[in-house]
Amino acid sequence: MSLLQSSNLTTPRVVTTINNSITDLSTFSSPKVLEYQNQDYWHSGNGTIRFTATPPNTGSNQTLVLAISQPRFLAEMLFGVTQRTNSPSNVQIRASMQKFLISCYTEGDSDGGGGRQMFKIHTSANGQDYLTSYSQFWGASNVTIPSNRLYQYHHLIFNFQNLQAHTFYFYMNMLKGGSKTFKAWWD
């Protein structure tokens, strides 16, 4: 018993009531700050984030931006959609599942761009790929920062087409760097 009393044992933080919904109200000037479902920032800095993203109803091409205030992180991301629509004809099923592995290492400037990588490793075989392109950007002080981007944030940028306001479901497992702030908005 004395062994347990003298140990420095801590438990992860677990949150059960969260509203992590990115809607058309989530813009660059009013981003959604995402909360972690669980965090172990005392030891490994890992954490899990689950959220939904529903694009604005206008426009066929939408861009989702996830920005993290962490220059060094490892993560895996899974997202998908499954919806029914009546356009362009009756009963169209919209389904897609994507998986990414993300690695980021930077020292606060634009050096070491090769240390920032995002790999798409899976697209569902029978679903439509609504994701037309993806990229990333580090908002460093010595580079030109595009509009709607934040200084000292790593940006994951996803461009979608033909979403018709369907809700996407995201799961992000931070293997490292899960103690920093995540913000999200529709561009």
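Here is a walk through this structure, from its overall layout to its core, its surface and its salt bridges.

This is a predicted model, in which local features need pLDDT of at least 70, side-chain atom pairs count only at pLDDT 80 or more, and totals for chains, interfaces and linings use all residues. Residues are numbered from 1 along each chain as its sequence is written, and side-chain values use heavy atoms, with hydrogens and water left out.

Let's start with the layout. The chain has 1 helix and 13 strands, where helices (H or I, at least four residues) and strands (E, at least two) are DSSP runs numbered from the N terminus. The helix comes at the N-terminal end of the order, and the strands follow it. On confidence, pLDDT is the predictor's confidence in each residue, from 0 to 100. Its mean over the chain is 77, with 75% of residues reaching 70 or more. Among the elements, helix α1 (residues 2-6) has the lowest mean, 49, while strand β13 (residues 182-186) has the highest, 90.

Now for the packing. Of the 187 residues, 40% are buried; buried means under 20% relative accessible area, exposed means over 50%, and partly exposed is in between (1.4 Å probe, protein chains only). Take the contacts (heavy atoms within 4.5 Å): of those with a separation of 6 or more, 68% join residues 24 or more positions apart. One pair that is far apart in sequence is Asn 46 and Leu 175, which are 129 residues apart in sequence but 4.7 Å apart in space, C-alpha to C-alpha. Asn 46 sits in strand β5 and is partly exposed, at 26% relative accessible area.

What about the core? A nonpolar core is a set of buried Ala, Val, Leu, Ile, Met, Phe, Trp, Tyr and Cys residues joined through side-chain atoms within 4.5 Å. The largest one has 30 residues, and Leu 66, Met 77 and Phe 158 touch the most other members. Strands β5 (46-53), β6 (61-68), β7 (72-85), β8 (92-105), β11 (154-161), β12 (168-176) and β13 each supply at least two of its residues, with β7 giving the most, 5 residues. Leaving aside residues up to four places away in sequence, Leu 66 touches residues including Ile 22, Leu 34, Phe 51, Met 77, Phe 158 and Phe 182. Apart from this core lies another one, of 5 residues, among them Val 65, Ala 67, Tyr 153 and Trp 185.

Out on the surface, the accessible area (Shrake-Rupley method, 1.4 Å probe; for residues, only the protein chains shown count as cover) comes to about 9,900 Å² for the chain, 50% of it belonging to carbon and sulfur atoms. Leu 101, Phe 119 and Ile 121 form a nonpolar patch with about 260 Å² of accessible area together. Such patches use residues with over 30% relative accessible area and no salt bridge, with nonpolar side chains (Val, Leu, Ile, Met, Phe, Trp, Tyr) joined within 5 Å and like charges within 9 Å. Ile 121, in strand β9 (residues 116-123), is partly exposed at 46%.

Last, the salt bridges: a side-chain nitrogen of Lys or Arg within 4 Å of a carboxyl oxygen of Asp or Glu. The count comes to 2. In one, Lys 99 meets Glu 76 at 3.7 Å, N to O, linking strands β8 and β7 across 23 residues. Lys 99 is partly exposed at 28%, as is Glu 76 at 24%. Asp 187 bridges to Arg 149, with the closest N and O atoms 2.8 Å apart. Asp 187 lies in the segment after β13 and Arg 149 in the loop between β10 (131-138) and β11, so this pair ties together parts 38 residues apart in sequence. Asp 187 is partly exposed at 37%, whereas Arg 149 is buried at 14%.
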